[in-house]
Amino acid sequence: MECCGMIRLEDIRFRYEDFTAEFDFEIARGEFVAVIGPSGGGKSTLLSLIAGFDRAQSGKIVLDGRDMTHALPSARPVTMVFQDHNTFAHLDLWTNVALGLSPALKLSEAEKRSVDDALARTGLKALARRKPGEVSGGERQRVAIARALLRDEPILLLDEPFAALGPALRREMIDLVKALQQEKHYTVMLVSHHPEDARYAASRTAFLSDGRILAFEPTERLFTRRDLPELADYIG
């Protein structure tokens, strides 16, 4: 059912207090899509609707060819990485990553090898026994990427996970995600406050404002548009 898209939102309507959002779009399998726009416009809400943390009042969400409109977050083929890397300060990086497989840390030998592999793939193998406070912010963020590797779901949602990092380290993290995406054929949606992240990584970019996607097209074409005042104001 790839013809139906990897992510499809049909006439989604969401309302919370005085905020309303409407979404209708499709993303193909294996795309790397960026979502940009002003703060409070609904970018995080969009990802939360796809992941199932927020529920729309109407409409349909299809993921990997399956109707997931009413599915629990745990049942959706989605991994979501947040800005807060959610590491436990008293546990070493190996254990922090292993929690992605089993909160009780009851792992088979095969699962332990999977943790080792995820650490190696994200450049954390040599740091496996260090605590989060003993490594850099970028290395702590790699823990979240390693957990995503362990889940190995086909859809990866990134809600500004690198916002606190400087430009060089942010680019390094995006390179890591791109490499994993190409190898694993993940479909990626990256929310970012930095338009340069979209230019660097995304084949298509959605510009979102006031709960609406005002443009969703090839990234370079989007940044040449002069007919959207909201986009011009955002880019500056």
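Here is a short walk through the structure, stop by stop, with something to select at each one.

Before you start, know that this is a predicted model, where local features need pLDDT of at least 70, side-chain atom pairs count only at pLDDT 80 or more, and totals for chains, interfaces and linings use all residues. Residues are numbered from 1 along each chain as its sequence is written, and side-chain values use heavy atoms, with hydrogens and water left out.

**Stop 1: strand β1 and the turn after it**

Select R8, which sits in strand β1. Strands (E, at least two residues) and helices (H or I, at least four) are DSSP runs, numbered from the N terminus. R8 is buried, at 15% relative accessibility; buried means under 20% relative accessible area, exposed over 50%, and partly exposed in between, with a 1.4 Å probe and protein chains only. Leaving aside residues up to four places away in sequence, R8 touches F25, E26, K60, I61 and V62, where contact means heavy atoms within 4.5 Å. Now add S102: its C-alpha atom is 30 Å from that of R8, and the two are 94 residues apart along the chain.

Next, pick E17, in the loop between β1 (7-16) and β2 (19-27). What is the sign of phi at E17? It is positive, about 50 degrees, although E17 is not a glycine. For background, most residues other than glycine have a negative phi. E17 counts as exposed, with 58% relative accessibility.

**Stop 2: helix α1**

Select residues 43-51, which make up helix α1. Eight of these nine residues are buried, so the helix is largely enclosed by the rest of the structure. The buried ones are K43, T45, L46, L47, S48, L49, I50 and A51. Right after α1 comes G52, with a positive phi near 95 degrees.

**Stop 3: aromatic pairs**

How many aromatic pairs does a search of the whole structure find? There are three, and rings of Phe, Tyr and Trp (its six-membered ring) pair if their centres lie within 6.5 Å; planes under 30 degrees apart count as stacked, over 60 as edge-to-face and the rest as tilted. Show F53 and F82: their ring centres are 6.2 Å apart and their planes are at 45 degrees, so this pair is tilted. The pair links distant parts of the chain, with F53 in the loop between α1 and β4 (58-63) and F82 in strand β6 (residues 78-82), 29 residues apart. F53 is partly exposed at 49% relative accessibility, and F82 is also partly exposed, with a relative accessible area of 32%.

Then show F207 and Y234, whose ring centres are 5.8 Å apart with planes at 50 degrees, so this pair is tilted. Here F207 lies in strand β9 (residues 204-209) and Y234 in helix α8 (residues 229-235), 27 residues apart. F207 is buried, at 0% relative accessibility.

**Stop 4: R204**

Stay in strand β9 and select R204. Not counting residues up to four places away in sequence, R204 touches E26, I27, E31, F32, V33, A34, F216, E217, P218 and T219. The C-alpha atoms of R204 and F216 are 6.9 Å apart, though twelve residues separate the two along the chain.

**Stop 5: helix α4 and its partners**

Color helix α4 (residues 137-151) and helix α5 (residues 167-184): their axes come within 11 Å and cross at roughly 15 degrees. Axes are lines fitted to C-alpha atoms, for helices over the stretch in contact, and angles run from 0 to 180 degrees between N-to-C directions. That makes α4 roughly parallel to α5; angles under 35 degrees count as roughly parallel, over 145 as roughly antiparallel, 65 to 115 as roughly perpendicular and the rest as oblique. To see the contact, select G138, Q141, R142, I145 and L149 in α4, which meet L169, E172, M173, L176, V177, L180 and K184 in α5.

Now add helix α3 (residues 109-121), which packs against α4 at an angle of about 135 degrees with the axes 9 Å apart. That makes α3 oblique to α4. Here S114, V115, A118 and R121 in α3 meet A146, L149 and L150 in α4.

Finish at D152, in the loop between α4 and β7 (155-159). D152 has a positive phi of about 55 degrees, although it is not a glycine, and it is partly exposed, with a relative accessible area of 39%.
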